[in-house]
Amino acid sequence: MNREARLDALFIPGRLGPAARGGLPAIELRHASGARAELALQGAHVTAWQGADGADRLFLSRCSRFQAGVPIRGGVPVVFPQFGAGPLPQHGLARTRAWRPVRSAVEADGAVVAVLALESDEALLALWPHPFRLELAVALADTLSLSLAVENTGTKPFAFQAALHTYFRVSDIAGARVIGLAGSAFQDFLGKLPGLERREALAFDAETDRLFTGVPDVVRIEDPGARRVLRIEKRGMPDVVVWNPWIDKARCLEDLGDNEYRTMVCVETGAIRPPIGLAPGSRWLGRTVFRALQEGAPG
Ligand code: BG6
């Protein structure tokens, strides 16, 4: 394990090697089961995850630019320290920065792990005057597990929002349902009044952009067209955002194909409202584990 590793110092024959997404350096993780994932250094962004059956679990737009400083459309963008719009760039500062390779390992149970970090530098401090260190640990096994740590390395407290803005691939959004949000309070970003979610299953027939707070730790996406259920298990991340741009918004997004809204749904896990306060020297940890199940399997 090497704290200041270069990218190639992370490589483990047969398990961890180089990949590239357009012009962006990336790491490929391979698990003994045949599952694979890709992790771009920019944004510590997981751009692909395939199960042992080779099927893509994550959505990645064919129109995404893989260009330094430009957000990637799809996969798992890391949102920090601001969710959505605000004084900082949309979704914060982490998703467009080059993160640093820190370490890699094959765990005793066979999980393949890569860890990247982002520390505040002069340019980041000019935008957001709070010294911090982020670490994202990606573990590939029969699940994909993402652990995000935020450390306050300064001398004053700060408050932040953080999220894993995951784009899941679905066979057809018209049949997809998100389960596990009933009873949670929501705020709607499209102008509907806030309320309490009553639906056991959220289905999609229009643009959806909603923040659910205080959500129980297991949420599922049912995709009857693919006969698949995607189980999302989170820890330390009380909030969930569900987003699909639908027809008109998809047309406005130049890095999303006009029809691609049909094959994606974002179910984002994070700590958004209220923001997390972090004292100097303290560390916050949020974790999300994704597991693909066949329909009918317990989960
Ligand atoms: C979601 C927001 O998390 O991200 C939406 O709730 C936003 O409002 C979407 O449109 C995509 O954001 P971006 O910056 O990646 O286009």
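**Figure 1. Aspartate 258 is partly exposed in this predicted model, with a relative accessibility of 41%.** The value falls in the intermediate class because buried denotes under 20% relative accessible area and exposed over 50%, with partly exposed in between (1.4 Å probe, protein chains only). Aspartate 258 belongs to the loop between H2 and S20; helices (H or I, at least four residues) and strands (E, at least two) are DSSP runs numbered from the N terminus. Glutamate 38 provides a distant reference point: the two residues are 220 positions apart in sequence, and their C-alpha atoms are 25 Å apart in space. Residue numbers start from 1 along each chain as its sequence is written, and side-chain values use heavy atoms, without hydrogens or water. As the model is predicted, local features need pLDDT of at least 70 and side-chain atom pairs pLDDT 80 or more, whereas totals for chains, interfaces and linings use all residues.

**Figure 2. The ligand is surrounded by 13 residues.** Arg95, His165, Asp209, Lys249 and Glu268 come nearest among them; a residue is near a molecule if one of its heavy atoms lies within 4 Å of it. By class, the shell comprises 5 nonpolar, 3 polar and 5 charged residues. Here Ala, Val, Leu, Ile, Met, Phe, Trp, Tyr, Cys and Pro are nonpolar, Asp, Glu, Lys and Arg are charged, and the others, Gly among them, are polar.

**Figure 3. Side chains of glutamine 90, histidine 165 and aspartate 209 make polar contacts with oxygen atoms of the ligand.** A polar contact is a pair of N or O atoms within 3.5 Å; within protein, one must be able to donate a hydrogen and the other to accept it, and residues adjacent in sequence count only if both atoms are side-chain atoms. For glutamine 90, an N or O atom of the side chain is 3.0 Å from a ligand oxygen. The corresponding distance from a polar side-chain atom is 2.8 Å for histidine 165 and 2.5 Å for aspartate 209. The protein buries 86% of the 400 Å² that the ligand exposes when taken alone (Shrake-Rupley method, 1.4 Å probe; for residues, only the protein chains shown count as cover).

**Figure 4. Strand S20 (residues 264–278) contains a cis-linked proline, Pro274, and the buried residue Glu268.** The peptide bond from arginine 273 to proline 274 is cis, and its omega is near -5 degrees. Glutamate 268, found in the S20 strand, is buried, at 2% relative accessibility, and is among the residues that come nearest to the ligand. Its C-alpha atom lies 6.5 Å from that of alanine 163, although 105 residues separate the two along the chain. Glutamine 161, in strand S10 (residues 158–164), is also buried, at 14% relative accessibility. A polar atom of the glutamine 161 side chain is 2.9 Å from the backbone oxygen of isoleucine 272.

**Figure 5. The loop between strands S5 (78–79) and S6 (100–106) holds proline 81 and histidine 91.** Phenylalanine 80 and proline 81 are joined by a cis peptide bond with omega at about -5 degrees. Histidine 91 has a positive phi, near 65 degrees, in a residue other than glycine. What is the accessibility class of histidine 91? Histidine 91 counts as buried, because its relative accessibility is 7%.

**Figure 6. Tryptophan 246 combines a positive phi with a place in helix H2 (residues 246–252).** Phi of this non-glycine residue is near 60 degrees. With 16% relative accessibility, tryptophan 246 counts as buried.

**Figure 7. Two loop residues, glycine 22 and glutamine 42, illustrate an exposed and a buried position.** Glycine 22 occupies the loop between strand S1 (16–21) and strand S2 (24–30), and its relative accessible area of 59% makes the residue exposed. Serine 64 lies 42 residues away from glycine 22 along the chain, with a C-alpha separation of 9.6 Å. Glutamine 42 is located in the loop between strand S3 (36–40) and strand S4 (45–50) and is buried, at 7% relative accessibility. A polar atom of the glutamine 42 side chain is placed 2.9 Å from the backbone nitrogen of glycine 69.
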